[in-house]
Amino acid sequence: MGLLETMKQVAQATNDAGMPTAFLFGSVTKTSPLTIRVDNRFDISGDAIVVMKEFQAGFYPTHYHTGVKGSPSTEEKSGGSGDASFAAHSHTLKGNYQTNTDSKSEYYYGLAVGDKVVLLRNAGGQAFLVLGRV
């Protein structure tokens, strides 16, 4: 083996030992505390897992819906009884409004046991970011 091949092997071994960033797959085995089995080889939990808000159970105000007076109007609906008061009709908005404005607007279910996830391991392998469900 030549000097160039030896240098390549040393560089590769150094790179592998440094644990560069990598995508890994895992499966949630517990939710409290959150524990993920990574590639069916080892478990991670606690500070080793970085979980974005979308994967944590709870209510979060994430976006707003705004309506403007006079437009739009509601969909046409009818009661179906045949009576004139139940005929198809719509309503025009009488005032401006905004929805999803409080901290209990939108509920995220969080990760559940059995969820398959994709993980991004940081350089050095000390933390894993949950990128999403598979």
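## Exercises on a predicted model: salt bridges, core and surface

Arg 133 and Asp 115 are joined by a salt bridge, with 3.1 Å between their closest N and O atoms. This pair opens the first exercise; keep in mind throughout that the model is predicted.

**Exercise 1. Find where Arg 133 and Asp 115 lie, and decide which parts of the chain their salt bridge ties together.**

Step 1. Check the distance: the cut-off for a salt bridge is 4 Å between nitrogen and carboxyl oxygen, and here the closest N and O atoms are 3.1 Å apart.

Step 2. Place the partners. Arg 133 belongs to strand β10 (residues 128–133), while Asp 115 sits in the loop between β8 (107–108) and β9 (116–121), so the bridge ties together parts that are 18 residues apart in sequence.

Step 3. Look at exposure. Asp 115 has a relative accessible area of 18% and is buried, because buried means under 20%. Arg 133, at 41%, is partly exposed.

**Exercise 2. How many salt bridges does the model hold by this rule, and how exposed are Asp 43, Arg 37, Arg 41 and Asp 39?**

Step 1. The count comes to 3 salt bridges. As background, side chains of opposite charge can pair when their charged atoms come close.

Step 2. Take Asp 43 and Arg 37, whose side chains meet with an N to O distance of 2.5 Å. Asp 43 is partly exposed at 41% relative accessibility, and Arg 37 is also partly exposed, at 33%.

Step 3. Now turn to Arg 41 and Asp 39, where the closest N and O atoms are 3.8 Å apart. Arg 41 has a relative accessible area of 58%, so this residue is exposed, whereas Asp 39 is partly exposed at 30%.

**Exercise 3. Is Ser 27 buried or exposed, and which residues is it in contact with beyond its neighbours within four places in sequence?**

Step 1. Ser 27 is found in strand β1 (residues 22–31).

Step 2. Its relative accessible area is 16%, so Ser 27 is buried.

Step 3. Setting aside neighbours within four places in sequence, Ser 27 is in contact with Thr 35, Ile 36, Arg 37, Gly 114, Asp 115 and Lys 116. Two of these names are familiar: Arg 37 is the salt-bridge partner of Asp 43, and Asp 115 that of Arg 133.

**Exercise 4. Which residues of the largest nonpolar core touch the most other members, and which strand gives the most to this core?**

Step 1. The core has 14 residues, and those touching the most other members are Ile 36, Ile 44, Ile 49, Leu 111, Val 117, Leu 119 and Val 130.

Step 2. At least two residues come from each of β1, β2 (34–38), β4 (49–51), β9 and β10. Strand β2 gives the most, with 3 residues.

Step 3. Follow one member outward. Not counting residues up to four places away in sequence, Ile 44 touches Leu 34, Thr 35, Ile 36, Val 38, Ile 49, Leu 119 and Phe 128.

**Exercise 5. Which residues make the nonpolar surface patch of about 280 Å², and what is the overall picture of the protein?**

Step 1. Phe 23, Met 52 and Leu 131 make the patch. Leu 131 lies in strand β10 and is partly exposed at 31% relative accessibility.

Step 2. Zoom out: the accessible surface is about 9400 Å², with 55% belonging to carbon and sulfur atoms. Buried residues make up 21% of the 134 residues.

Step 3. The protein has 1 helix and 10 strands. Among contacts between residues at least 6 apart in sequence, 59% join residues at least 24 apart.

Technical notes: Residues are numbered from 1 along each chain as its sequence is written. This is a predicted model: local features need pLDDT of at least 70, side-chain atom pairs count only at pLDDT 80 or more; totals for chains, interfaces and linings use all residues. Side-chain values use heavy atoms; hydrogens and water are left out. Buried means under 20% relative accessible area, exposed over 50%, partly exposed in between (1.4 Å probe, protein chains only). Helices (H or I, at least four residues) and strands (E, at least two) are DSSP runs, numbered from the N terminus. Contact means heavy atoms within 4.5 Å. A nonpolar core is a set of buried Ala, Val, Leu, Ile, Met, Phe, Trp, Tyr and Cys residues joined through side-chain atoms within 4.5 Å. Patches are made of residues with over 30% relative accessible area and no salt bridge: like charges are joined within 9 Å, nonpolar side chains (Val, Leu, Ile, Met, Phe, Trp, Tyr) within 5 Å. Accessible areas come from the Shrake-Rupley method with a 1.4 Å probe; for residues, only the protein chains shown count as cover.
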